[in-house]
Amino acid sequence: STKVSMLAGGGLTFNGDTAVANALQDYEEGTFTPGIANGFHSGVTFHTASGLYVKIGSHVLATFYMHLDDADTNNALIQIGSLPYTSSNATHSGASLSPGGGNLTYHNLVANDSAHSASCYMSRNTNYVSLYRDGGGENFRGANNQAQDGKWIVGYVNYFTDA
């Protein structure tokens, strides 16, 4: 039996499947350097900022690790930027969809409220994630003018892209 086929129009299919819709058309692994898109005063420096991603078709899984050297929050929605691909701009039945989301597996930022954990979400047509306070129904904000030196932000996001 056929295990792998290459379609004339491009893409791989498996186990005798010849449907173009099921063909693997794109696979990529790589690295990126995450950055702060919002929520901190200017001049943020990092001890380490690194990211890894896997893209299969239009699905992207990106992980990021940021160890802050010199950073002060400014009581604004915290956003992690410079993700490797821009999120999808698709709508479904006329409604905007969030093309992705994920979790912070660890962070120890000093917040402006009682938030102790956060998750991530992506808006349409962006290359950054916004932090969302778990259980609080609000955006995650760092404490105003609070030094975040030596703090970590570690997480991942799953999202879809139009590319």
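Which residues does Ser5 touch, not counting those up to four places away in sequence? I looked this up in a predicted model, and found Gly11, Leu12 and Thr13.

**Ser5**

I noted that Ser5 is found in strand β1, which covers residues 4–6. Next I checked its exposure: Ser5 is partly exposed, because its relative accessible area is 22% and buried would need under 20%. I also looked up Thr18, 13 residues from Ser5 in sequence. From C-alpha to C-alpha, Ser5 and Thr18 are 7.7 Å apart in space.

**Ser119**

Then I moved on to Ser119, which lies in strand β11, residues 118–122. Is Ser119 buried or exposed? I found a relative accessible area of 14%, so Ser119 counts as buried, under the 20% cut-off. Leaving out residues up to four places away in sequence, Ser119 touches Gly102, Asn103, Leu104, Ser130, Leu131, Tyr132 and Asp134.

**Leu131 and the core**

Leu131 was on that list, so I followed it up. With the four-place rule again, Leu131 touches Leu77, Ile78, Ile80, Leu104, Ala118, Ser119, Cys120, Tyr121, Asn139 and Phe140.

Leu131 also turned up in the largest nonpolar core, which has 25 residues. Phe64, Ile80, Leu83, Val129, Leu131 and Tyr159 touch the most other members there. I checked which strands feed this core: β6 (59–70), β11, β12 (129–133) and β14 (152–160) each supply at least two residues. The largest share, 5 residues, comes from β6.

I jotted down a general point too: in soluble globular proteins, nonpolar side chains tend to be buried together.

Key: Residues are numbered from 1 along each chain as its sequence is written. This is a predicted model: local features need pLDDT of at least 70, side-chain atom pairs count only at pLDDT 80 or more; totals for chains, interfaces and linings use all residues. Side-chain values use heavy atoms; hydrogens and water are left out. Helices (H or I, at least four residues) and strands (E, at least two) are DSSP runs, numbered from the N terminus. Buried means under 20% relative accessible area, exposed over 50%, partly exposed in between (1.4 Å probe, protein chains only). Contact means heavy atoms within 4.5 Å. A nonpolar core is a set of buried Ala, Val, Leu, Ile, Met, Phe, Trp, Tyr and Cys residues joined through side-chain atoms within 4.5 Å.
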